[in-house]
Amino acid sequence: MWTPVLLILGVAYMANGFDREGAKEKVFEYRISNQHLHIERLEEELTKLEAEFDKLEPIPDKHSIDELKARVQNLEHNDCNTKRQVPCHGDRYHCVNDLQVCDGVKDCPNGGDEDEATCNGHPVTPGRSYVGRATWESCVQHDPHNVIVTIAANKKADFFGARTWVRAVVTLEVDEHSHLVKTYIGRGYWSPGKRLIALAPDEGVKAAYAVACKFNLGDDDHADCKIVERASLHVCARFRAASV
Ligand SMILES: [Ca+2]
């Protein structure tokens, strides 16, 4: 009596099961074809972008892009409260004391004060030269002239990574017509936190001017430099320096 009923129910159940399997397959097929359409659309977009990129002339070189990025990053996070504080250059705003940079302890939440880009010391590698053209705004009257700063030596104490002591040869070609060149030995330091080389005339040198060059993080090849009066630090001239 029960057997035919069970058989009918069993067949109905199996048919239902097959229907569900079929529906699953259709959904799967739909998803696959949908993904194909999506990929095709992305390929189309990519082809259009490639065509637009090919039209760009001239294509900026990597150095220009790095320099631009570094300047933008510097502008985004330059509002630390005091002169001694420096930004961590992360997604979240944070500042630390410049003496905490490269001291071997992570003080920034993103570890930016201890990373390779910050602490590599490349800008003060002996033999590096920076060349620029100084424009004088006060102190004395000079036509724009070439300036060359060549790193002669550096020394970093193991226990004090926040400063590297630097010696450099500073050459000011103050009069290009008469070939008047003033050269002196500068002594100072590199601050990886402030990205700054500060050079005063060495002991016994009578030169009146000190030089300070500031680098943007991520660009060790370009710096904004000032020539300042040795005693007052009054800014006399500025130049944009590039490594050669
Ligand atoms: Ca630190």
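Reader: Happy to start simply: how many helices and strands does the secondary structure of the protein chain come to?

Author: Welcome, and please keep in mind that this is a predicted model. Read along the sequence, the elements follow the pattern α-α-β-β-α-β-β-β-β-β-β-β-β. Counting up the secondary structure of the protein chain gives three helices and 10 strands.

Reader: Which strands make up the closed barrel?

Author: The barrel has eight strands, paired in the antiparallel sense. From one strand to the next, the twist averages 30°. In order, the barrel runs β3-β4-β5-β6-β7-β8-β9-β10.

Reader: Where does β3 find its partners, and which residue of β10 stands opposite W136?

Author: On one side, β3 (residues 129-136) pairs with β4 (residues 145-155) through six bridges, running antiparallel. Two of the bridge partnerships there are G132 with V147 and A134 with H145. Strand β3 is also joined to β10, again antiparallel, by four bridges. In β10, the residue opposite W136 is A237.

Reader: Nice. Moving on to β5 and β6, which residue in the turn of their hairpin has a positive phi?

Author: Strands β5 (residues 164-175) and β6 (residues 180-191) run antiparallel and are joined by 10 bridges. One of the bridge pairs is A168 with G186 of β6. The hairpin leaves four residues between the two strands, and the residue with a positive phi, about 55°, is H179.

Reader: And in the hairpin of β6 and β7, which residue takes a positive phi?

Author: Here β6 meets β7 (residues 196-201) in antiparallel pairing over six bridges. Within that pairing, G188 stands opposite L199 of β7. Four residues lie between the strands of this hairpin, and the one with a positive phi, near 55°, is R195.

Reader: Which element gives the most residues to the largest nonpolar core?

Author: As background, nonpolar side chains tend to be buried together in soluble globular proteins. In this model the largest nonpolar core has 26 residues, and V149, V166, I197, L199, V211, C213 and A241 touch the most other members. Two or more residues come from each of β3, β4, β5, β7, β8 (209-215), β9 (222-229) and β10. With five residues, the element that gives the most is β8.

Reader: I would like to look around L199: which residues does L199 touch, leaving out those up to four places away in sequence?

Author: L199 is one of the residues that touch the most other members of the largest core. It sits opposite G188 across the pairing of β6 and β7. Beyond its sequence neighbours, L199 touches V166, A168, V170, G186, R187, G188, A210 and V211.

Reader: How many residues are in the second core?

Author: This core is separate from the largest one, and its members include V86, V101, C108 and A162. Its size is seven residues.

Reader: Last one, about V244: is V244 buried or exposed?

Author: V244 lies in the segment after β10 (235-243). Its contacts beyond four places in sequence are S129 and V131, and its C-alpha atom is separated by 9.8 Å from that of I148, 96 residues away along the chain. A residue counts as exposed if 12 or fewer other C-beta atoms lie within 10 Å of its own. Because V244 has 10 such atoms within 10 Å, V244 is exposed.

Reader: Then what percentage of the residues in the protein chain is buried?

Author: The protein chain has 244 residues in total. To count as buried, a residue needs 20 or more other C-beta atoms within 10 Å of its own. Buried residues make up 23%.

Conventions. Residues numbered from 1 in each chain as written. Predicted model: local features only at pLDDT ≥ 70, side-chain atom pairs only at ≥ 80, totals over all residues. Contact = placed C-beta atoms within 7 Å. Pairing = 2+ DSSP bridges. Axes fitted to C-alpha atoms, helices over the stretch in contact; angles between N-to-C directions. Core = buried A, V, L, I, M, F, W, Y, C linked by C-beta atoms within 7 Å.
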